[in-house]
Amino acid sequence: MAVDEVRFGEFVAVRRHGDGGAVAELVLDRPKAMNAVSTEMARSIGSACAALAADASVRVVVLSSTHERAFCVGADLKERNSFSDAELVRQRPTTRGAYGGVLELPMPTIAAVHGFALGGGFELALACDVIVADGTAVVGLPEVSVGVIPGGGGTQLLPRRVGAARAAELIFTARRVEAAEALSLGLVDSLAPEGEDRTEALALAARMAANSPVGLRAAKRALRLGHGMDLAAGLEIEDAAWRTVAFSGDRAEGVAAFNEKRKPNWPGQ
């Protein structure tokens, strides 16, 4: 059950769950447009992410949708159709701020996906560390079919998930992928029963949030920064991250709790 809710504009909310609100749910809430990302919504996503990133009490974030048939259908093409070239250029930093805001969250992030997650909608999910989908999920990056390319990180995040050749096939064909195939290709990480993606994502987040907040953030930093590096460079990144936790209050509490056979009371520092 949510502890509280804070609105960021009309289309985005943050709900807090669990003991002390350790799990934050970033909710896409533009149901009349199937969560199509307008300029206003992009600005709100960026603002919500900035607030979450600055909140040391947040251990895990779940990205979810209030729409019954869609996670997010991508950019608001009706709005885009009215833009001049100059207006499109001016909007670009705002949209980058939304996708980058999710990608750069310092704590673990989980996307809860059902229905359509297309274009920028799938890019929001790809920006998360783990994607939990249900059997209704349909994902894809169809941007070339409307004369553009993925612009929310898709050309970089998708190959990191599924490899360069598979990503090229999916992006160049612009095809939509249904849930079972998405799981087999690694486009999503697990399949929940229909309608249970959010429930399973929140349960997974609660399991993660039981661990050291300092450790979670350091582990994410090492995973993200080390990806694509050669082994020697990656091990240096891991060592730097290890040093940020090795002398922390969380490390001292974790070791003490283990030896005293009790649940840790993480200081988060």
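A residue counts as buried when its relative accessible area is under 20%. In this predicted model, Cys-49 falls under that heading, with a relative accessible area of 2%. Cys-128 is buried as well, at 5% relative accessibility. A bench reader may well look to these two cysteines for a covalent link, yet the structure holds zero disulfides. The distance explains the absence: the sulfur of Cys-49 is 8.7 Å from the closest cysteine sulfur, that of Cys-128, which is too far for a bond, given that a disulfide calls for sulfur atoms within 2.5 Å. Seen from the other side, Cys-128 likewise takes part in no disulfide, and its nearest cysteine sulfur belongs to Cys-49.

Charged side chains offer a fuller picture. The structure holds 15 salt bridges, and some of these are described here in turn. One of them joins Asp-55 to Arg-16, with an N to O distance of 3.1 Å. Asp-55 sits in the loop between helix H1 (39-53) and strand S4 (60-65), while Arg-16 belongs to strand S2 (residues 12-17), so this pair ties together parts that are 39 residues apart in sequence. The two partners also differ in their surroundings: Asp-55 is partly exposed at 25% relative accessibility, whereas Arg-16 is buried at 13%.

A further salt bridge is formed by the side chains of Arg-30 and Asp-76, at 2.9 Å from N to O. Here both partners come from loops: Arg-30 lies between strand S3 (23-28) and H1, and Asp-76 lies between strand S5 (70-72) and helix H2 (77-81), so the contact ties together parts that are 46 residues apart in sequence. Both Arg-30 and Asp-76 are buried.

The pair Glu-169 and Arg-166 presents a local arrangement within one helix. Their side chains meet in a salt bridge with an N to O distance of 3.5 Å. The two residues are three positions apart in helix H6 (residues 164-173), and are therefore separated by about one helical turn. Glu-169 is partly exposed, with a relative accessible area of 25%, and Arg-166 is partly exposed too, at 36%.

Salt bridges in this model are not confined to isolated pairs, as Glu-5, Arg-7, Arg-15 and Asp-29 are linked in a network of them.

Technical notes. Residues numbered from 1 in each chain as written. Predicted model: local features only at pLDDT ≥ 70, side-chain atom pairs only at ≥ 80, totals over all residues. Heavy atoms only, no water. Buried < 20%, exposed > 50% of the residue type's maximum accessible area, 1.4 Å probe, protein only. Salt bridge = Lys/Arg side-chain N within 4 Å of Asp/Glu carboxyl O. Helix = DSSP H or I, 4+ residues; strand = E, 2+ residues; numbered from the N terminus.
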